[in-house]
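Please walk through the structure shown below, moving from helix contacts to a sheet, then to the interface between chains and some local detail.

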Amino acid sequence: MTFRTRLLLAMGAVALVPLVAIGLVVRREMATTLTAQDAARVASLVTLTRTTLTGESGQTADRLASLRDVIADDSRLRAALLQGTDRSYLLDYAARAMQLTGLSALEILDDSGVVLSSGQFRNDYGRADPQLLSQLTAAGGTALLPVRSADAAFLVVARADSLSIGTRHLHLVGGTAVDVARLSATAVDSDLTVRLALPTGASAADSLAAGTTGALASAATDHVVAKIPFPLIGADRAVRQAYFIVTHRPTALDLLRARVDDWFLSAILLAAVAALVAAAVLAARVSLPLADLAAQTARVDLDALDFDFVSTREDEIGALTRLLATMTRRLRASAGRLRDAERRATVGDVARQVTHDVKNGLTPIRHVLRHLTEVEQADPARLATVFAERRPTLDASVTYLDALARQYARLTPRLDVRPSDVNAIARAVVDGRNGAATSARLALALSDAVAPVAADPLVLRRILENLVSNAVDAVHPTGGTVTISTEPLADGGVRLVVADTGPGMTPDELARAGQDFYTTKPDGTGLGLSIVRRLATDLHGSMTMESAPGAGTRVTLIFPGR
Amino acid sequence: MMRATSRIAVLMLPALVACSHSARLPATSAPSPQPAPTSTTRPDASQPATAPRAADRCLLVSPPVATHRADGAPPDTILIVVTDPLDSAEIDHPRNAGERLVAGAIHGSTQPVRCDGGTAFTAPEGDDTATAHATWTGASVALDPAPGDGRPPLVVRRATPRAARDLLDAGAAAVITTDPATIAYAATRPDLVAVPLPWDRVYVLATPFDSTGASGDAEQSWTIGDRSSLAADAVRVDARAAGDQYWWVDQPSCTPPDTATEAADAPPAAPEADSTPRRSLLTGQHRLGYPRDDDVARALAGRLVALRARHDPSAQAIGLAAVDLPAALADGRVGAAVVSLPRRVASACDAQARWRARSTSVPGPRWSPLIETRPRALVRRDRVGLSLDADDALHILPPGGTP
């Protein structure tokens with residue numbers, strides 16, 4: 001996971017988790033508060049509805065009581081009722097009384113329930129309604145009552161009263177129109193609505209009358225939150241229970257919640273986008289410089305230290321850049337010193353090698369000179385003969401030294417690869433050591449089946465001179481034999497072995513024998529075996545050593561065929 | 001064109017028709033054109049305090065004696081208030097006493113027929129031959145006599161009953177009304193005389209004509225007793241039970257030419273009195289229409305609905321514009337309608353044709369008579385007199401005027 005991804009996730013978590021938590025809490029608190037407020041409004045509307053219905057019923061009762069007294073004192077009406085005169089006055093009486101009292105409906109009935117005068121429907125006189133009074137009493141004295149005029153029907157909260165005029169008993173049934181729509185209009189919350197639900201079994205006339213109340217409940221899609229029972233005397237004069245129901249539009253609270261959710265999701269999205277942008281900006285300011293720094297660091301090499309880490313930043317990345325710059329400068333200085341030391345070491349190494357090789361080239365000459373000196377002193381007559389015999393050795397040594405000198409003159413030796421006879425070179429090295437004052441005995445075990453190998457003969461001579469010199473030195477104090485043997489290989493190559501019967505080497509000495517400058521000889525350079533190994537490698541060959549204390553040392557060289 | 005038509009409409013009345021209101025007037029004795037039904041004059045309606053002179057049976061209220069006026073002073077304008085509709089478009093076929101008053105003033109009385117049905121009388125000097133110039137302003141008309149006529153200008157204005165009382169108190173010379181409250185108020189004023197005018201309107205129950213003669217759901221028969229009950233209790237105006245013989249009865253010649261053959265086999269346009277109620281009152285929509293500006297029609301419709309509602313709770317009265325009722329009845333918007341018709345017309349065929357012109361149905365509806373009504377003239381006796389022509393046209397008599 002990249003640093004940028006981690007940064008994005010971290011920023012998202014930091015931004016979104018608190019926001020989600022706050023949003024959930026706010027949403028829950030809002031729902032709780034709104035629900036409580038809604039319940040309070042419903043309760044208020046229920047109380048208002050009950051109070052209104054009760055108040056209208058009470059006012060109707062008061063108006064009927066007042067009218068009762070007025071009727072009792074109306075002599076003209078008394079005459080119309082008892083003597084049958086002035087009938088139009090009786091027929092118009094209820095309408096006038098209704099106007100004066102403010103009632104919405106008023107009927108004057110006789111004891112048998114026949115309408116003597118109707119205020120809301122003047123020409124409805126003579127209609128018998130015998131059950132109305134008893135049902136009104138059964139309903140508790142007040143009830144919803146559908147009444148009609150010639151051209152309309154409506155619902156009233158009805159009450160009844162009665163009086164006697166002479167021998168006639170009269171009943172007054174009056175009512176105030178129910179205006180359910182007005183109740184809804186008084187609700188503080190416009191989402192709350194008061195409706196009238198008619199009971200099951202209500203007639204079409206009841207529905208027609210209730211329809212004028214302004215809010216007749218239908219197939220309820222709204223949520224009923226309260227029901228206020230009120231008796232209804234239907235057109236069939238049956239008493240049933242109607243209900244004023246308080247409904248609440250179900251979408252109101254849900255809509256509010258949905259809006260909050262929308263805003264909440266919007267806030268989350270906004271926060272997520274902000275976190276993304278912030279993470280991108282931070283990543284651009286942090287991870288990109290780190291990536292650039294890493295790319296620059298990857299270019300650091302001992303051979304390529306010619307650039308600097310540069311930064312003007314004051315933060316940790318700037319400090320790191322400056323630290324890398326310091327490190328690079330130190331590396332650059334150290335590499336310079338190292339190259340200088342290596343150059344100096346290489347010069348010294350070459351000098352020692354030259355010395356070693358020259359010394360090896362002078363050894364046969366010194367032996368020949370010592371031999372000639374001994375012949376001159378012992379038998380001067382044979383001096384010329386011996387000189388002639390040893391002259392090839394001197395020529396070969398001089399040629400070797402000359403070639404050696406030309407090779408070092410080029411500093412970087414160039415191999416002169418050609419078919420070379422390993423056996424001949426081995427004999428020449430042994431011949432060059434005849435006459436040497438040493439207790440070592442040189443022996444040859446050369447195979448005639450050995451074919452010439454592709455190699456530089458000078459390099460082969462240097463290899464054998466070094467190996468034989470080491471072996472002779474190893475056996476010199478106590479005396480011993482140094483054997484040079486060859487044998488052919490299957491691929492046309494040759495195996496060359498130089499073995500001595502010296503004291504041998506411990507495993508530690510054997511492990512360090514090939515290292516430069518390691519020597520056990522007081523005047524040794526420690527370069528013999530390392531030069532041999534390098535020269536053998538130059539000829540695509542290999543070298544192995546076997547030695548053990550008291551068992552001598554055996555060095556094997558393999559020169560592959562073509 | 002219009003003037004000629006209006007003259008025909010106003011003046012071509014049966015020459016020998018007597019004043020139908022004469023039964024109520026002490027000085028008149030002309031027979032009613034039909035058997036006199038029971039009258040239901042309101043108890044508070046006052047009888048004329050001053051009887052007309054026996055020599056002039058058309059005189060309803062004698063004009064006051066003329067007072068001396070300075071030479072050249074213009075006569076005072078006389079304001080007459082009516083509470084029934086007053087429409088310039090209906091003057092050619094006046095529907096009520098107010099419109100007849102205006103029609104008489106505009107067109108004059110060239111038909112020298114006395115109101116008692118006797119021989120032609122000599123046109124009153126300065127009255128019969130002269131015509132007035134009418135200037136209409138809404139429901140008010142100013143009638144200016146011809147130059148040199150000498151009579152005062154007349155203004156006839158329609159007002160609500162309440163406004164009529166106010167105008168009466170403000171000096172109006174006369175009020176022509178059916179409103180019982182206004183009539184009752186006049187009875188309290190000694191300077192006013194309330195004169196019953198002729199029975200001029202008959203309220204009928206109009207039902208769509210059924211060419212098959214089906215009786216529908218007959219619900220009740222409108223007997224004379226039923227009609228008398230309606231006249232007595234359902235309405236507040238001067239009313240009496242309607243009879244059975246009116247101008248729309250037995251008028252086969254009125255059948256439009258294109259339906260003459262069909263109508264020959266059809267029942268008569270106006271059925272017999274005992275069969276008219278057999279047509280359903282509220283067929284179809286259970287609605288009974290009435291002209292919304294006619295209180296009498298509304299009251300009758302209310303009573304009919306009240307009776308019907310005892311069997312049909314859906315019965316309902318509905319007020320419509322008078323001009324819409326024929327079409328509403330024809331197209332079924334209402335099952336029946338209570339409408340008023342003139343009790344007398346110049347031409348029965350023309351009257352039926354006017355109804356059909358507003359309807360989509362040919363032939364017209366069945367008309368079942370219910371009640372007759374009449375207005376009253378409340379006359380300030382110190383201001384004007386009142387006389388009546390044979391065609392029921394009223395004439396305002398200025399002080400010193402003669403019928």
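Contact here means heavy atoms within 4.5 Å. The model is a predicted one, and that cut-off decides which residues are said to meet when two of its helices come together. In chain A, helix α8 (residues 316-378) offers Gln353(A), His356(A), Asp357(A) and Asn360(A). These meet Arg462(A), Glu465(A), Asn466(A) and Ser469(A) of α11(A). Sorted by class, the residues of this contact are five polar and three charged, with no nonpolar ones.

Two packed helices are described by the angle between their axes and the distance between the axes. For α8(A) and α11(A), the axes come within 10 Å and cross at roughly 80°. Angles from 65 to 115 degrees count as roughly perpendicular, so α8(A) is roughly perpendicular to α11(A).

A second pair in chain A can be read in the same way. Helix α1 (residues 3-73) and helix α3 (residues 87-101) of chain A have axes that come within 11 Å and cross at roughly 130°. The two helices are therefore oblique to each other, and their crossing is right-handed. From α1(A), the residues in contact are Arg63(A), Leu67(A), Val70(A) and Ile71(A); from α3(A), they are Tyr93(A), Ala97(A) and Thr101(A). This contact is made up of five nonpolar residues, one polar and one charged.

Helix α11(A) also leads to a sheet. Five strands of chain A form this open sheet, with mixed pairing, in the order β10-β12-β13-β15-β14. At its edges are β10 (440-445) and β14 (542-547) of chain A, each of which pairs on one side only. From one strand to the next, the twist averages 15°. Helix α11 (residues 457-475) of chain A lies across β10, β12 (480-488), β13 (494-500) and β15 of chain A, and runs at about 25° to β13(A). Another helix, α13 (residues 528-538) of chain A, packs on the sheet and touches β14 and β15 of chain A. The direction of α13(A) makes about 145° with that of β14(A).

The edge strand β14(A) pairs with β15 (residues 553-559) of chain A in the antiparallel sense, over six bridges. Within this pairing, Met543(A) has Leu557(A) in β15(A) as its bridge partner.

Next comes the interface between the chains. The size of an interface is often given as the accessible area lost when the parts come together. Chain A and chain B bury about 1300 Å² between them, and 42% of this is on carbon and sulfur atoms. The contact takes 14 residues from chain A and 18 residues from chain B. Of the area that chain A buries against chain B, Asn123(A), Tyr125(A) and Arg148(A) supply 37%, more than any other three residues.

Two local features of chain B remain. Strands β4 (residues 132-137) and β5 (residues 140-145) of chain B run antiparallel and are joined by six bridges. His133(B) has Asp144(B) in β5(B) as its bridge partner. The hairpin of β4(B) and β5(B) has two residues between the strands, and Gly138(B) takes a positive phi near 65°.

Further along chain B, Arg292(B) lies in the loop between β11 (287-291) and α7 (295-309). Arg292(B) and Leu320(B) are 28 residues apart in sequence, while their C-alpha atoms are 5.2 Å apart in space. Leaving out residues up to four places away in sequence, Arg292(B) touches Arg298(B), Gly319(B), Leu320(B) and Ala321(B).

Notes. Residues numbered from 1 in each chain as written. Chains lettered and ligands numbered in written order. Predicted model: local features only at pLDDT ≥ 70, side-chain atom pairs only at ≥ 80, totals over all residues. Heavy atoms only, no water. Pairing = 2+ DSSP bridges. Helix = DSSP H or I, 4+ residues; strand = E, 2+ residues; numbered from the N terminus. Axes fitted to C-alpha atoms, helices over the stretch in contact; angles between N-to-C directions. Parallel < 35°, antiparallel > 145°, perpendicular 65-115°, else oblique. Left-handed = near helix turned anticlockwise from the far one by under 90°. Nonpolar A, V, L, I, M, F, W, Y, C, P; charged D, E, K, R; others polar. Buried area = accessible area lost by both parts, 1.4 Å probe.
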